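Q: Could you take a close look at one part of this model for me? I'd like a connected walk-through rather than a list.

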Amino acid sequence: MPTDLTYPETGATLERPLPAGYHHLHHTAPIGHGRDVFQRAGTAVVTWRMHRRTGVRVVADTPRAEPGTRVSVGFGTARLGITVPCAVIWTVDDTSRTGFAYGTLPGHPETGEESFVVDLRPDGSVWFTVTAFSRPGCWYTRLAGPVVPLLQRAYARHLGRTLRRIAT
């Protein structure tokens with residue numbers, strides 16, 4: 001486990017409840033139906049494909065999310081963009097659930113953790129869930145105030161739509 005995470009509540013997106021003092025995000029989106037859709041969606045999540053297909057730059061230590069993997073996600077252009085460093089905290093990969101969570105490292109404009117999980121439910125439906133807790137970690141995210149949670153929610157919805165296109 002990385003020792004340079006910028007928050008103490010490591011793993012809270014898996015264990016719940018989410019810690020107080022942070023903005024909480026919980027977004028669930030239907031992806032499709034059936035084991036094939038589940039497998040395609042799960043693979044897209046843990047191999048960074050879902051993130052890349054949204055148009056962000058992803059640089060990761062490993063081709064697949066695994067605890068300890070360091071990953072940088074870049075938004076915008078190289079000159080006018082932002083790169084956010086994270087480390088994978090936990091993963092899950094079983095017959096009905098696949099995904100991971102990453103936590104913020106120094107240099108990330110927010111402080112907290114975010115998980116991306118695909119579930120195959122007993123009725124065969126496939127769902128994608130983003131769960132996060134975060135708070136400003138630098139001057140410009142503090143200045144942005146309530147705009148940041150709106151952007152996070154919009155990005156979570158975008159991830160769900162992107163994953164649906166990949167998996168179905």
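Q: How many residues does helix α5 have, and how far does α5 reach from its first C-alpha to its last?

A: Keep in mind that this is a predicted model. Helix α5 covers residues 147-167, so to speak a run of 21 residues. From the first C-alpha to the last, α5 reaches 30 Å, close to the 30 Å expected at 1.5 Å a residue.

Now for what α5 tucks away. Its buried residues are V148, Y155, A156, L159, G160, T162, L163, I166 and A167. There's a handy bit of background for reading that list: an α-helix has 3.6 residues a turn, so residues three or four places apart point the same way.

Some of those buried names turn up again where α5 meets another helix. α2, residues 35-46, packs with α5 at an angle of about 125°, and their axes are 9 Å apart. The two helices, α2 and α5, are therefore oblique to each other, and their crossing is right-handed. On the α5 side, the contact is made by L163, I166 and A167, while α2 brings V37, R40, A41, A44 and V45. L163, I166 and A167 are also among the buried residues of α5.

One last check, on cysteines: the model has zero disulfides, counting sulfur pairs within 2.5 Å. The sulfur of C138 is 13 Å from the closest cysteine sulfur, in C86, which is too far for a bond. As for burial, C86 is buried with a relative accessible area of 2%, and C138 counts as buried too, at 14% relative accessibility.

How values were computed:
Residues numbered from 1 in each chain as written. Predicted model: local features only at pLDDT ≥ 70, side-chain atom pairs only at ≥ 80, totals over all residues. Heavy atoms only, no water. Buried < 20%, exposed > 50% of the residue type's maximum accessible area, 1.4 Å probe, protein only. Helix = DSSP H or I, 4+ residues; strand = E, 2+ residues; numbered from the N terminus. Expected span 1.5 Å × (residues − 1). Axes fitted to C-alpha atoms, helices over the stretch in contact; angles between N-to-C directions. Parallel < 35°, antiparallel > 145°, perpendicular 65-115°, else oblique. Left-handed = near helix turned anticlockwise from the far one by under 90°. Contact = heavy atoms within 4.5 Å.
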